Amino acid sequence: MLSFKEIQEIAHKGPFQPNWDSLSKHQVPTWFKELKFGIFIHWGLYSIPAFNNEWYSRNMYIQGSPEFEHHISTYGPHKNFGYKDFIPLFKATKFDAKEWVRLFKKAGAKYIFPVAEHHDGFQMYKSQLSKFNVFDMGPKRDVLMELKIASEKENLVFCASSHRAEHFFFFGHGNDFDSDVQSNKERDQFYWPAKVEQNHFDKFSKPYPDDEFLLDWLMRTVELVENYQPKIIYFDWWIQHEAFKPYLKLFAAYYYNRAQEWGFDASIAYKHDAMVYGSGIIDVEKGKFSVPPIQYWQGDTSVAHNSWCYTHNLEYKQPRDIIYDLIEVVSRNGNLLLNIGPTGDGSIPKQDQKILLEIGKWLELNGEAIFSTQPWKKCQEGPTKIKEGKFNEEINTYSSEDIRFTAKGDAIYAFIMQPNTSTIKIKSFREYGVFEGIIRNVEILGQEQEISWNINIEALIIENPIVGNEYPIVVKINID
């Protein structure tokens, strides 16, 4: 385990320094831009109660909340059975990292992002800094290491996320009544520090995280890097708080320098402008950009509308809508990170599997229009527009005129979002339109049926495509 002094030395020895001027020279790894599609995994103690969502650990201590009432009726008073008492129930008897990764690969994913530590503070990896981890308690297995080994064996890039920052106040409501939090919030206890809850989006809220907590945050994150060497670290919200800035810059310089020392290109995914533009990968939670930004980005979403983790009342999305999301994000210069939530015993729910396999089938036919592509000179045509911003996941109803574009080499790919007519018209390729070069050939990916095409002053017109499929089809336009 590195000391704080050693971390500082690595952070200052270059090529990066712990200041924004230096860190803004960071380049998003080329490999990340090529892979496009990854799997996020929310799995932890919150998967045992499996009630409402992954914030059960916080909400169960808020008097009058559905989680509070559910907890009392199911497990009894909080002073007798608190969140920490789920640890012995978390046995992960059906967890098989190899099976998980094989499924992710069938889904067409190219990288994985297990949540290494959620807001609840229970580490899903072996740690020297806290006994509250999966190796010393619960399953008594190094879950993260098993996933790293399995993913790398199948050539999926291993990444990890840390949601530790919010732990500062996540159990604070347990101080409001007679609960187990009050007797388990000392420095070496699970709930520490259990401070008064902050305004989640106030960047200057008080009480400030103190240096003791911030140093612990840094050391946990460094431990994660040193022992597992994830190619990208994802930070959830609240690191945008002013108090984190010195530690965040120190970590970023340490991590980027360490990765170069180890011989790989790394990056940090962040939200809410926690880092300066260009110093990492912008992440947009459940949302998108309306037009492609210059800076590369990542959108994250889940297979369910109402939770990131497994619960008993999940409202699942349709595979088609997730494929729409993938197309919208990639055509706008980004990657899509899709979350699944295993059950408490470590199995992946059948509906999650079904969704992943449907996406995989579509990518098997159309993946060349997704992977290793870049945005074309325009990302879309048609009437349906995308609203910009986080937490903005309306389900769009597309028409046959809605088309999205990517490009690679001598090919431009046109995604026909709702292929329900026997004639496809792509107006961007009309005579003297957006594209003025030479078209050599036009085909539809995955379709052997012969098509006819021609160009007039109205559009590139394609006759006889196979229509009626609920999923988008891809027109490949070879140019010269």
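Me: Which residues in α6 meet Q353, L356, L357 and G360 in α12?

Reply: The model considered here is predicted. Helix α6 covers residues 97–106, and helix α12 covers residues 350–366. By class, their contact has four nonpolar, two polar and one charged residues. On the α6 side, the residues that meet Q353, L356, L357 and G360 are L103, F104 and K106.

Me: Are α6 and α12 parallel or oblique to each other?

Reply: The axes of the two helices lie 7 Å apart, and the packing angle is about 40 degrees. Angles under 35 degrees would count as roughly parallel, and 65 to 115 degrees as roughly perpendicular. The pair α6 and α12 is therefore oblique.

Me: Which residues does F104 touch, not counting residues up to four places away in sequence?

Reply: F104 of α6 takes part in the contact with α12. F104 is also listed with Y83, F251, Y254 and W362 as having the most contacts inside the largest nonpolar core. Once residues up to four places away in sequence are set aside, F104 touches I39, I41, A109, I112, L156, I340, I348 and L356.

Me: Which helix gives the largest share of the largest nonpolar core?

Reply: This core has 140 residues. Its largest share amounts to ten residues, which lie in the helix spanning residues 245–262. That helix is α10.

Me: Why does this core lie between domain 1 and domain 2?

Reply: The chain is divided into domain 1 (4–369) and domain 2 (375–479). Another core, of 21 residues, lies apart from the largest one and includes I412, F435, I451 and L460. The largest core lies between the domains because residues are given to it by both domain 1 and domain 2.

Me: How many residues of domain 2 are in contact with domain 1?

Reply: Taken over C-alpha atoms, the centres of domain 1 and domain 2 are separated by 36 Å. Domain 1 brings 31 residues to the contact between them. On the side of domain 2, the number is 28 residues.

Me: Is Y208 buried or partly exposed?

Reply: Y208 is placed in the loop between α8 (167–170) and α9 (211–228). Leaving aside neighbours within four places in sequence, Y208 is in contact with F168, H241, E242 and A243. Buried would require under 20% relative accessible area. Because its relative accessibility is 32%, Y208 counts as partly exposed.

Me: What distance separates the C-alpha atoms of Y208 and F168?

Reply: F168 is one of the residues in contact with Y208. Along the chain, Y208 and F168 are 40 residues apart. Their C-alpha atoms are separated by 9.5 Å.

How values were computed: Residues are numbered from 1 along each chain as its sequence is written. This is a predicted model: local features need pLDDT of at least 70, side-chain atom pairs count only at pLDDT 80 or more; totals for chains, interfaces and linings use all residues. Side-chain values use heavy atoms; hydrogens and water are left out. A nonpolar core is a set of buried Ala, Val, Leu, Ile, Met, Phe, Trp, Tyr and Cys residues joined through side-chain atoms within 4.5 Å. Buried means under 20% relative accessible area, exposed over 50%, partly exposed in between (1.4 Å probe, protein chains only). Helices (H or I, at least four residues) and strands (E, at least two) are DSSP runs, numbered from the N terminus. Domain bounds come from an automatic or database domain assignment. Contact means heavy atoms within 4.5 Å. Axes are lines fitted to C-alpha atoms, for helices over the stretch in contact, and angles run from 0 to 180 degrees between N-to-C directions. Angles under 35 degrees count as roughly parallel, over 145 as roughly antiparallel, 65 to 115 as roughly perpendicular and the rest as oblique. Ala, Val, Leu, Ile, Met, Phe, Trp, Tyr, Cys and Pro count as nonpolar, Asp, Glu, Lys and Arg as charged, and the others, Gly among them, as polar.
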